[in-house]
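Biologist: Could you take me on a close look at one part of this protein, and then show me how that part sits in the whole? I would enjoy a connected walk through it.

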Amino acid sequence: MLERSELADNALQALHDEDYDRPFNTQSLNADTLIFTRGRHGQSLDGDWNFCVDLLDTGLRQKWFAMLPEAPEDRIEPWDYDPYMGETVPVPSCWQMQKDKWYFFEGSAWYTRALTHTPSEGRRQILRVGAAQYDCKVFLNGEFLGNHYGGSTPFCVELTETLKPGRNWLMLCVNNTRTLDRVPMRNTDWFNYGGIYREVTLYDLPSTVIRDLFVRLDDDEIRVSAEVDGPVDLARFAIPELGVDVAMPLVDGKGEIAISATPELWSPETPKLYEVRLTAGEDEIRDRVGFRTIRREGTEILLNGRPIFLRGISVHEDDETLGKVTSDADIRRRFAHAKELGCNYLRLAHYPHHERAAEIADELGLMLWEEVPVYWAIDFANPATRRDAQNQLRELIRRDRNRASVIIWSVGNENPDTDARLDFMRGLADLAKSEDPTRLTSAACLVNHAKLRIEDRLAAHIDVIGLNEYYGWYEENFEELGVIGRNSAPDRPVVISETGADGDNTDQGPERGLFSLAYQDEVYRKQIATLRELDYIKGMSPWILYDFRVERRQGIFQRGWNRKGLIAADKETRKPAFYTLAAYYAERAAQDRDAAAATKGDQA
Ligand code: GCU
């Protein structure tokens, strides 16, 4: 593939063109190319794919994607990559967890597999990737089909026009390089896994395809909006259990109706879900939706009109063995531990978690904060970064806005209060409201240490002020927390989105002082004693449920892990602070039950 290039008389395309990737960074696969997939049955493409790392992007330079199978002895070109033979990895997986030689690999990697296709008149084939960290370029039979940015949101690509009868070759080039202009950018406090780490599915669909369905309670009506790709002007929407079966007129593929109904409300105590169905042309999708309202009034958060306190915990997607790959069992264990703590709420930090998390939370009655990874020093002045962040937010909202468990969309974490950041994140908060006016918006903000109070210009543009404070850990003067509490008078709810301390529970951990279990527990006791006095605080999600892997933590008590977990990385060993928080949440839950009973008594 050492084709001549137009750069110079003796130039070779593959060696002298440093603009080689521009044609493939289109970000053409995005929120607008998603299809709605719940209730569909697709062909799983999970399993072993051919794999090779490609640190210098030789694949894009030499156009490996255009190679077609040839027996080695028949080749006329010396290949630097063999898409059809060699090493394989399972999909989904993170390459760092497959072989030690790839543990710190950061760059491009190629995934290749065969795809057998039997043409059928009028049918469409659409591929969905659950997530690929970070940038994914899709090739089929040597043709570039599109590119997605964003390491934790799904994307779809239509294969219909490029598929041939019989065997086809599908290639995905995934690049996890951390750069200043990406979201997140190059510096984070979680491990930079790479790969296709969520499920890959191929859908065989009719000519008309339902791209989106959004079902929500809007005061005393059920409001339904849908987007359909195809020449139809009518859809039908049904909720069998409520006796709803109505027509939805479509104009340019879009429709919205309001249905008067009084469904049983979803709540942590009564997580009621209804099956909903939408048909358009020959396409049909289903979902299971809980109906509830969430809003703020002054400094109160109201679920179905009643004040609530969010007894939460923060979680990453991280596993000692699987890295960022999760499973129903892993998610159910995480939620079981949260319930054991006494939680009714979790902060899914710092990026969109697997969609099964919100689906299972719907069933179990847990409320969720979901977040896009606008984390720390993002390149806020860069239009390309803004486009990337906005698309990831839209993909998250379109993926999860039928999930009753999701009550808060968070647009970021611990960003500096600058003009560029304010403009960027106010834009995200406004976008979240336009995509979904039914939920609360938030962000994890920082304490204003200069003024010693809760003050961040973004607070005026979000519903709930998330506050990350680490008094007792990063901030040594613990008394300041009380000062900040008394100095602040926020006009909206505050949730302590992070607080905590490391505790090394291994036999290398210290008996006392920083990183000891005793000190971690002491920080929790002092935090709880202070925060419980501040009545505008309506929730907390301490950092964090489990110890998690991270490159930047190499101290003698960290050894590649952030050890602020209330449970160790084995996802079994509970630390003393786990029980301290659980005791507070038990007390808080009893207090809230009494308050609710008293209110009901007053209303009787
Ligand atoms: C920060 C940040 C987390 C990080 C934590 C810590 O607040 O939001 O991502 O892991 O503090 O330092 O442990």
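**A buried glutamate and its setting**

Modeller: Gladly. Of the 604 residues of the protein, 60% count as buried. This is a predicted model, and the part I would pick for you is E395, in helix 5, which runs over residues 383–400.

What makes E395 worth a visit is its charge: the residue is buried, yet it has no salt bridge. The nearest side chain of opposite charge belongs to R394, and that one is 8.0 Å away. A salt bridge needs a side-chain nitrogen of Lys or Arg within 4 Å of a carboxyl oxygen, so a separation of 8.0 Å does not qualify. What E395 does have is a polar contact of 2.6 Å, side chain to side chain, with T153. Leaving aside residues up to four places away in sequence, E395 touches L29, N30, A31, L34, H148, Y149, T153 and P154. T153 is thus on both lists, as a polar partner and as a touching neighbour.

Since L29 and N30 are among those neighbours, let us step over to Q27. Q27 lies in the loop between helix 1 (13–16) and strand 1 (43–44). Its phi is near 50°, a positive value in a residue other than glycine. Most residues other than glycine have a negative phi. Q27 counts as buried because its relative accessibility is 12%, under the 20% limit.

A positive phi also turns up at L452, with a value of about 50° although the residue is not a glycine. L452 is found in the loop between strand 27 (440–446) and strand 28 (464–468). That loop also holds D456, which makes a good companion to E395. With 10% relative accessibility, D456 counts as buried. Its side chain has a polar contact of 2.7 Å with the side chain of R421, and it also reaches the backbone nitrogen of L458 at 2.7 Å. Not counting residues up to four places away in sequence, D456 touches D417, R421, C445 and L446. For L446, the C-alpha atom is separated from that of D456 by 7.5 Å, with the two positions 10 residues apart along the chain. So you have two buried acidic residues to compare: E395 has no salt bridge, while D456 has R421 as a polar partner.

Two backbone details are worth a stop as well. A cis peptide bond joins V183 and P184, with omega about 10°, and P184 is found in the loop between strand 10 (166–175) and strand 11 (195–196). The peptide bond from A349 to H350 is cis too, with omega near -20°. H350 is in the loop between strand 24 (345–348) and helix 4 (355–364). Most peptide bonds are trans.

Now for the whole. The secondary structure comes to 9 helices and 32 strands. Along its principal axes, the C-alpha trace spans about 80 × 65 × 45 Å. The radius of gyration is 25 Å, which agrees with the value near 25 Å that a compact globule of 604 residues would have. Among contacts with a separation of 6 or more, 72% are between residues 24 or more positions apart. The accessible surface comes to about 23,700 Å², and 49% of it belongs to carbon and sulfur atoms.

Notes:
Residues are numbered from 1 along each chain as its sequence is written. This is a predicted model: local features need pLDDT of at least 70, side-chain atom pairs count only at pLDDT 80 or more; totals for chains, interfaces and linings use all residues. Side-chain values use heavy atoms; hydrogens and water are left out. Helices (H or I, at least four residues) and strands (E, at least two) are DSSP runs, numbered from the N terminus. Buried means under 20% relative accessible area, exposed over 50%, partly exposed in between (1.4 Å probe, protein chains only). Lys and Arg count as positive and Asp and Glu as negative; His and the chain ends are not counted. A polar contact is a pair of N or O atoms within 3.5 Å; within protein, one must be able to donate a hydrogen and the other to accept it, and residues adjacent in sequence count only if both atoms are side-chain atoms. Contact means heavy atoms within 4.5 Å. The radius of gyration is taken over C-alpha atoms; the globule rule is 2.2 Å times the number of residues to the power 0.38. Accessible areas come from the Shrake-Rupley method with a 1.4 Å probe; for residues, only the protein chains shown count as cover.
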